Amino acid sequence: MKIVIALDGSKFAEDILIPASELAARGGDCTEVHLIRVVDPREAHITWLKPPGLMERSSSIGGTGGRAYSSYRSCDGVSTETDLQAQDRHYQHAKFYLETVANKFFPRSGRTKVVFGTKPAEEILAYSRKEKTDLIAIATHGRTGLAKTMLGSVAAELMRSHVAPLLMVCPTGLKDTAGTTTIHSKTKTAGSVV
């Protein structure tokens, strides 16, 4: 069995790890777990020694009586890296995160994949198709109605795709009173509660 677990680096998304690890353990040594994180390259911010536009203070002594006067001037800013270096740093951070999670939850079967992209659902689906995934696992806010339409939902896009069955959990604090975990299958049958 091949399981793809989508993470975004948040504690919220990590609530899928325990149910997914329990499922992977049931599959035994035949189970492959792929942890994927989609990183938006626009979120890779350059590190600045002095941000542009920062107001620097300059002091001078002058006038009558030798009083000190302070004035402020805008500086041009000094970056410590290029855009590509910032993206590489962002990528390495995401890779380290996934490797840490894989070592903790899936020490024998965990593989990691960091993908640059601005549309997480599309990237997860492309990877899942390529790897011929048997199950996609993800945490979801469980948004419905207008909130889902306005904000979009990675889980909803994954569910509509029918690429693979989908294991979804609604993390702690967002669960309904029953605290359900739902598996949606490729077919359009209703999901079943685990």
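A pocket is an open set of grid points with protein on both sides within 12 Å along at least five of seven lines, and its lining residues have an atom within 4 Å of a point. The exercises below concern a predicted model.

**Exercise 1. The second largest pocket**

Determine which residues line the second largest pocket, and how the lining divides by class.

*Solution.*
Step 1. The lining consists of Ser21, Ala24, Ala25, Gly28, Asp29, Thr31, Phe105, Phe106, Pro107, Arg108 and Ser109.
Step 2. Sorted by class, these comprise five nonpolar, four polar and two charged residues.
Step 3. The element that gives the most to this lining is helix H1, residues 17-27, with three residues.
Step 4. The volume of the pocket is about 210 Å³.

**Exercise 2. The two sides of helix H1**

Establish which residues of H1 are buried, how they are arranged about the axis, and what covers them.

*Solution.*
Step 1. The criterion for a buried residue is a relative accessible area under 20%, and for an exposed one over 50%.
Step 2. Leu17, Ala20, Ser21 and Ala24 are the buried residues of H1.
Step 3. Viewed down the axis of H1, these buried residues fall within an arc of 100°, so they line one face of the helix.
Step 4. The general background is that an α-helix has 3.6 residues a turn, so residues three or four places apart point the same way.
Step 5. Ile18 and Arg26, on the other side of H1, are exposed.
Step 6. The cover over the buried residues of H1 includes strands E1 (2-6), E2 (32-39), E8 and E9 (166-169), together with helix H2 (83-105).
Step 7. After H1 comes glycine 28, with a positive phi near 70°; Gly28 is also one of the residues lining the second largest pocket.

**Exercise 3. Helix H5 and the residue that follows**

Identify the buried residues of H5, and describe the backbone and exposure of histidine 162.

*Solution.*
Step 1. In H5 the buried residues are Ala155, Ala156 and Leu158.
Step 2. Around the axis they cover an arc of only 160°, which puts them on the same side of H5.
Step 3. Histidine 162 comes just after H5, in the loop between H5 (154-161) and E9.
Step 4. Most residues other than glycine have a negative phi.
Step 5. Histidine 162, although not a glycine, has a positive phi of about 60°.
Step 6. With a relative accessible area of 30%, histidine 162 is partly exposed.

**Exercise 4. Two residues of one loop**

For lysine 132 and threonine 133, decide whether each is buried or exposed, and state which residues threonine 133 touches beyond four places in sequence.

*Solution.*
Step 1. Lysine 132 is found in the loop between H3 and E8, and threonine 133 lies in the loop between helix H3 (120-131) and strand E8 (135-139).
Step 2. Lysine 132 has a relative accessible area of 65% and is therefore exposed.
Step 3. Lysine 132 also has a positive phi of about 55°, although it is not a glycine.
Step 4. Threonine 133 is buried because its relative accessible area is 8%, under the 20% limit.
Step 5. Leaving out residues up to four places away in sequence, threonine 133 touches Lys2, Val4, Ser128 and Ala164.

**Exercise 5. The protein as a whole**

Summarise the secondary structure, burial, contacts and accessible surface of the protein.

*Solution.*
Step 1. There are five helices and 11 strands.
Step 2. The protein has 194 residues, of which 34% count as buried.
Step 3. Of the contacts between residues at least 6 apart in sequence, 66% join residues at least 24 apart.
Step 4. The accessible surface comes to about 12000 Å², and 54% of it belongs to carbon and sulfur atoms.

Technical notes:
Residues numbered from 1 in each chain as written. Predicted model: local features only at pLDDT ≥ 70, side-chain atom pairs only at ≥ 80, totals over all residues. Heavy atoms only, no water. Helix = DSSP H or I, 4+ residues; strand = E, 2+ residues; numbered from the N terminus. Buried < 20%, exposed > 50% of the residue type's maximum accessible area, 1.4 Å probe, protein only. Contact = heavy atoms within 4.5 Å. 1 Å grid on protein atoms, 1.4 Å probe; cavity = no way out; pocket = protein on both sides within 12 Å on 5 of 7 lines; lining within 4 Å. Points joined across faces, edges and corners; volume = space filled by probe spheres on them. Nonpolar A, V, L, I, M, F, W, Y, C, P; charged D, E, K, R; others polar. Areas by Shrake-Rupley, 256 points an atom, 1.4 Å probe, with all protein chains shown as cover. Arc of directions from axis to C-beta.
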